[in-house]
Amino acid sequence: MKREVPIAITFISGVLLVIAFFIPHEPFGSLEQRFNDWYIIVSGFALILGIDSLLLHHWNKVSRRSKDWFHSLSLIIAFFVTLIWGFYSGIKTGHFLSAQSTFRQYFYMYVFVPLQATMFSLLAFFIASAAYRAFRADRFEAALLLFSAGIVMLGRVPLGNAVAPYMVGLVFLIFAYLLYSDGRKEVDPTRRYLKIGGAVLSLILIYPVGWFFLHYTAQTAGWIMNIPQLAAKRGIFVGIALGGIAMSLRIILGIEKTYLR
Amino acid sequence: MKYIEKLAKIDRRIIYLILFLTVLLPYLFKISLPMKPLPEVVQAYREIDRLPAGSVVMISIDYDAASMPEVQPMLYAILRHCFSKDLKIIMLGHWPLGIPLGIAALEDVAKEYGKKYGEDYVFLGYRPGVAAVMINMGKEIRSVFREDYWGTPLDSLPMMRNVHTYDDIAILVGFEAGSTGDYWVQYAQARYNQKIILGGTAVVAPDWYPYLQSRQIVGLIGGLRGAADYENLVHHKALAYYGMTPQAAVHILIVIFIILGNIGYLALRRRK
């Protein structure tokens, strides 16, 4: 019964909601609204369950003096300070977020907001460092991705058009140097001339490519965002949607039972 | 060659220091750069601009303090635009931790334009259950929000008397830092044909270009650039506009670092 009853509830609810979507008339229309009301109420209680689970987990860490138990203790203290301060402000001013509330003025605006903003701001440093270390043009696909990312990054900011030609020129110059120095060491004359020719071509291309990016970096960034990026995104979305439908059907029909564990 | 190889091994503390100075200096010297607004932002601006006075705009706060530097300036700019055109605002949110940010912006801008609570704007607050909230609001807003955030019954607020479903809302503007924008499109737009504008962080905005092309949303404000463009369009240059110079400098710096890293990497690989 422990398995059959939840599977039956899932099946009936799922089928009724699918019917309600396609036939939004009575009795299905109001039934969907009723189901959604229940869902909203259950979501509210899920928050309480989440708080209970979080506190219990950290209290266990503190009571067992597990590794980094002090962080768990600070979480529990912060939780109750927030809760008590919120209640106190709510009772004193009528609502915990009213304009006079010290909870809103001090705790939220001067403690919570700067803390969360600081955590997120640190990402800028990590991203810069990670981009420098990890973005390597070691394959053609990686080089293409890197080049596109660079153009989008420059094309979305005000100075992009002015700076992009120099960046692209530098890349071509390095490419020419590498090809030339490789070509000089080549024993096979055909490969040598091909590489040196490639180096010369790179040097010749610096000016026209630089001119193009001087005028069209923003447009190129827009094109990348609107055509190749969008095509890939759409493919991913369609894949996710099909996967979602397949998984929903499996759950409704009782084939997928992992949620019962 | 050794010097070139060293380019692949710049100490991360040097990178952090250069980055810090790159952000700080443009702010200290208040350097600003000219920008041409992006078409998707202009589209969003025009959609709001062409609404007749008295139309209702619903704004959803689906972000919190972590995304505040990018998204909050958009909220201020849109609120200024709406209030300057005498549009009515209904605000709600699906991220409970972002609710006070919405309240703060709404109160600030309403005060700036001398707008009255209940007549010109209303704050509904938060209800759990994202998708269920969106679907039920399409049938009757009161089925989800019987009262506003401060406990006043909706029917006692003059502005809300004739507002019941999405049919009574001219445009919905979702400010996003996650996937709630997708839910707005899936439920409010696809089921109820609600006009939607989405604004959000530069990380989530690229996900919405398919919606923009298929006209499931009528405008897109992405990242600090989008916010700066909107500030520019409403002729009220503020945080986002002045934040674009540091952002431009950092973008250029990161591209330089990537090029330097690759030069060093190629030099090392050739030697090996």
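Here are some friendly notes on how the parts of this predicted model touch each other.

1. Let's start with the two chains. On the chain B side, 67 residues take part in the contact, and chain A brings 63 residues to it. Keep these two counts in mind as you look along the boundary between the chains.

2. Next, the area. The size of an interface is often given as the accessible area lost when the parts come together. For chain B and chain A, that buried area is about 5700 Å², and 68% of it is on carbon and sulfur atoms. On the chain B side, Tyr209(B), Ile252(B) and Arg270(B) supply 11% of the area buried against chain A, more than any other three residues.

3. Now for the charged and polar pairs. Four salt bridges are found across the interface of chain B and chain A. To see how a salt bridge looks, try Lys233(A) and Asp207(B): their side chains meet in one, with 3.1 Å from N to O. Across the interface of chain B and chain A there are also 22 residue pairs in polar contact, both residues at pLDDT 80 or more.

4. Which helices of chain B each supply at least two residues of the side that touches chain A? They are α2 (12-28), α5 (99-113), α6 (130-139), α8 (209-213) and α10 (239-271). The most comes from α10(B), with 18 residues. Sorted by type, the residues on this side of chain B are 45 nonpolar, nine polar and 13 charged.

5. Let's move inside chain A. Its domain assignment gives domain 1 (1-66), domain 2 (67-131) and domain 3 (135-226). Between the C-alpha centres of domain 1 and domain 2 of chain A the distance is 29 Å. Each of these two domains of chain A gives nine residues to the contact between them.

6. How much area is buried between domain 1 and domain 2 of chain A? The value is about 870 Å², with 78% given by carbon and sulfur atoms. In domain 1 of chain A, the residues losing the most area to domain 2 are Leu55(A), Val62(A) and Ser66(A), which together make up 50% of what that side buries.

7. Finally, the pairs at this domain boundary. Between domain 1 and domain 2 of chain A the salt bridge count is zero. Three residue pairs are in polar contact across the interface of these two domains of chain A, both residues at pLDDT 80 or more. The side of domain 1 of chain A that touches domain 2 divides into five nonpolar, two polar and two charged residues.

Methods. Residues are numbered from 1 along each chain as its sequence is written. Chains are lettered from A and ligands numbered from 1 in the order in which they are written. This is a predicted model: local features need pLDDT of at least 70, side-chain atom pairs count only at pLDDT 80 or more; totals for chains, interfaces and linings use all residues. Side-chain values use heavy atoms; hydrogens and water are left out. Contact means heavy atoms within 4.5 Å. Buried area is the accessible area (1.4 Å probe) that two parts lose on being put together, summed over both. A polar contact is a pair of N or O atoms within 3.5 Å; within protein, one must be able to donate a hydrogen and the other to accept it, and residues adjacent in sequence count only if both atoms are side-chain atoms. Helices (H or I, at least four residues) and strands (E, at least two) are DSSP runs, numbered from the N terminus. Ala, Val, Leu, Ile, Met, Phe, Trp, Tyr, Cys and Pro count as nonpolar, Asp, Glu, Lys and Arg as charged, and the others, Gly among them, as polar. Domain bounds come from an automatic or database domain assignment.
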